[in-house]
Amino acid sequence: MMKLDDLNNASADDFVALLDGTYEHSPWIAGRAAAARPFKTLAALKVALARVVREASVDEQQGLIRAHPELAGKAAIAGTLTAESTNEQQKAGLTACSPEEFARLQKLNAEYNARFGWPFILAVRGPNPYSPGTAFTRAEIIATFERRLRAHPDVERAECLRQIHRIAEIRLNDKFGVEPRLGQQLWNWAAELAAHSDTEEFLTCTYATPAHTAVAQQLMAWMRDCGFDDVSRDAVGNVVGVYKGTGDRRLLTGSHYDTVRRAGRFDGRLGIFVPMLVVRELHRAGRRLPFDLEVIGFSEEEGQRFPADFLGSSALIGAFQPGWLDQTDTDGVTLRDAMQATGLAATMDAIAACRRDPSRYLGFVEVHIEQGPVLDGLDLPLGIVTSINGSRRYIGEIVGLASHAGTTPMGQRRDAAAGVAELILFTEQRAAGAADVVGTVGMLEVPSGSINVIPGRCRFSLDLRATTDEARDALDADVRAKLDEICQRRGLSFKLQPTLAANAAPSDAAWQSRWENAVAELGLPIHRLPSGAGHDAMKLHELLPQAMLFVRGGNGGISHNPLESVTVDDAELAVQAFQRLTASLN
C-alpha cells in the first residue's frame, strides 16, 4: 500500500506515476499538485488535487470531464475502460443491466451529450462505498441521470467535477489501503435511524410521534453500547448521555434528532453521532477525559408539528414558555397531550429541572452539516462557523384593486402582485450589496387569482438574516422603508406582521480557535463562514460560550431534502476533528 512518505519524497515524475489512475487520463493534475508537498495527511493531498482542478481553466476542466467514459457506454461495451472504471462500473452492477435499463442508459447518454457536450459523471460507488449494499443501484443511477439532465450547464459542469473528485477520493483510499471506519459507522447509524419515520415515502420525524420516540430509544441504546456512563431521556424528550471524566466540569455538545418533512438523514443527527463515536473510541481505549462529556440529542428544533421551535434547547437554558404546552398541531392535539402520550411529564416543574447550571460547563460545541453550497463549491470537507445569523421574519400582504386585465390601462393599475415583485427585487439587490446578509421571499400567494384579473391582494413572507444584529437591523429598516415607498407610489396599502426576531450568535473566540486548531491538525485549510440557518447552538449561546464546526454536504450542499448527503470520508474527518478538540483541553 502507498504511504504519504512515498509521495512526499518522490521526484516530480515519480509522484505523477504513483498517482496514475487517480484522475482519469489526466496526469497534469498530479503534476501541478506536486509543488504543494509535503502533505501532512491524505486529506491534505485530496484537497490539493481538487484545488488544482478548481484553479484550472474551463477548457482544462471540460477536458478532464471528457476523459471519463459514459456509464454503460461504448467503452464499456468494447472493453476499453481503465481498470479503475471497469471496477467501479462492475461494482455498481452496470455490467449486468437488463435490456430495458441498458436502452434507457444509452438514450440518457445521448441526450446528456447533446445537451452538455460531455459524458455524465457519477461516483457510482456512492457516499459509503465500504458497506455492503450501499453503492448506487441502477435505478438510483438512472434517476440521478434524469434529474441532472435538467440542470444548467454551469451547474452541471461543477457537479461533474465534484463527482470526479469523489471518484478520485475513493481511488486514493484504495491506493493507501484506507477505510474510514468511523465515518462508515456514522453513515450506517444515519441510515438505520432513518427507518423510523412518520411517513413511509420520505423521512419525516416530528416531535412526540411514535417514530420520534423510537429514534430516542435507539439513540439511548447506541449510547449505552458506546460506553456512556449515564443515559437518560429528560422531561422534554432530550436524549442525554454522559461520559464521565476525571474533573468536575463538563463539555456540552449535541444537536437535534427531529427532522423536517421530506428530510435528509444528516441534519442535526450528524452532531449527535460524531461525539457518540468519540466516546466509543475513548471507552474502547479505556481513556477518560479531564472533564465530563455530555452529549444531547435535542428532541425538537425544527418547529414542524407545533408553532414553537427549539423546544429541547429552550428547556436547557430555562426559556421553555408555559404557554407552549397549550399550542396545538393541525389535528388539534395540544403539546401537553402529545408529550404525555409519549411518556413525558409535560409539567413546568419537570421541564424547569432541565435547565443547566452554566458554572458547571466549559462551553457548548456543535457539529452540523453545512446546509449550503460553500464548502462543496470550495472542495473543502470542514469549515469553521464564525457566527449564526440573526434574523427577522414577517408575513405580509399588499392590497391594491382587482380589476379587468384587458380594460385597465397600465398606468392606472393598482397591482398588488407587481408591488410585491418590486419588493422582491429590491430585497435581492439590497442583500447582495452587503457582506454576509441575505434576504428571501419564500412564499407568495394571490388569493382567488385569475389569469384575466389584476391581482388585488398578494400575500408574502419575508426572511432577513445577517451575521450581526446591526447588519440585520439595517437590512430590515431598508426593506420596510422600500415597502412603504412602493405602496405609496403605486397606490397600494400593506400589512406586515412580525413572526420571528432572533439575535445573532457569534462564536466564542476561544472555542472557535480550538476548532480551527483541530482542523489544521488534520492538514486541512481553515475556512471560516457564517451559518445562515438557525441551530441549537444559537439557543445555548444565551447560556454558554459556543462554537460550531460545519461538515460539507453533497449534491451542491442541499439540505432539508432527501438528497442531503455526507460522505463517509467527511464524516470521518469530523470525528477526528472532535477528537482533537477534546484532546486540546487536557
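**Exercise 1.** In this predicted model, break down by class the lining of the second largest pocket.

*Solution.* Start with the classes: 16 residues of the lining are nonpolar, 19 are polar and nine are charged. Next, look at who sits in the middle: of the 44 lining residues, Asp309, Phe310, Arg393, Arg465 and Leu500 lie nearest the centre. Then check the secondary structure: strands E7, E12 and E13 plus helix H21 each supply at least two residues of the lining. The pocket's volume comes out at about 1,000 Å³.

**Exercise 2.** Work out whether the end-to-end span of helix H11 agrees with its number of residues.

*Solution.* H11 runs over residues 181–193, so that's 13 residues, and at 1.5 Å a residue it should span 18 Å. Now compare with the model: the end C-alpha atoms are 18 Å apart, which agrees. For its surroundings, pick out the buried residues, including Leu182, Leu186, Trp187 and Trp189. The buried residues of H11 pack against helices H12, H13 and H22.

**Exercise 3.** Find which parts of the chain the salt bridge between Glu422 and Arg489 ties together, and say how accessible each partner is.

*Solution.* First, the distance: the two side chains meet at 2.4 Å, N to O. Glu422 belongs to helix H18 and Arg489 to helix H19, so the pair ties together parts 67 residues apart in sequence. Now use the cut-off: buried means under 20% relative accessible area. Glu422, at 19%, therefore counts as buried, while Arg489, at 45%, counts as partly exposed.

Terms used: Residues numbered from 1 in each chain as written. Predicted model: local features only at pLDDT ≥ 70, side-chain atom pairs only at ≥ 80, totals over all residues. Heavy atoms only, no water. Helix = DSSP H or I, 4+ residues; strand = E, 2+ residues; numbered from the N terminus. Expected span 1.5 Å × (residues − 1). Buried < 20%, exposed > 50% of the residue type's maximum accessible area, 1.4 Å probe, protein only. Contact = heavy atoms within 4.5 Å. 1 Å grid on protein atoms, 1.4 Å probe; cavity = no way out; pocket = protein on both sides within 12 Å on 5 of 7 lines; lining within 4 Å. Points joined across faces, edges and corners; volume = space filled by probe spheres on them. Nonpolar A, V, L, I, M, F, W, Y, C, P; charged D, E, K, R; others polar. Salt bridge = Lys/Arg side-chain N within 4 Å of Asp/Glu carboxyl O.
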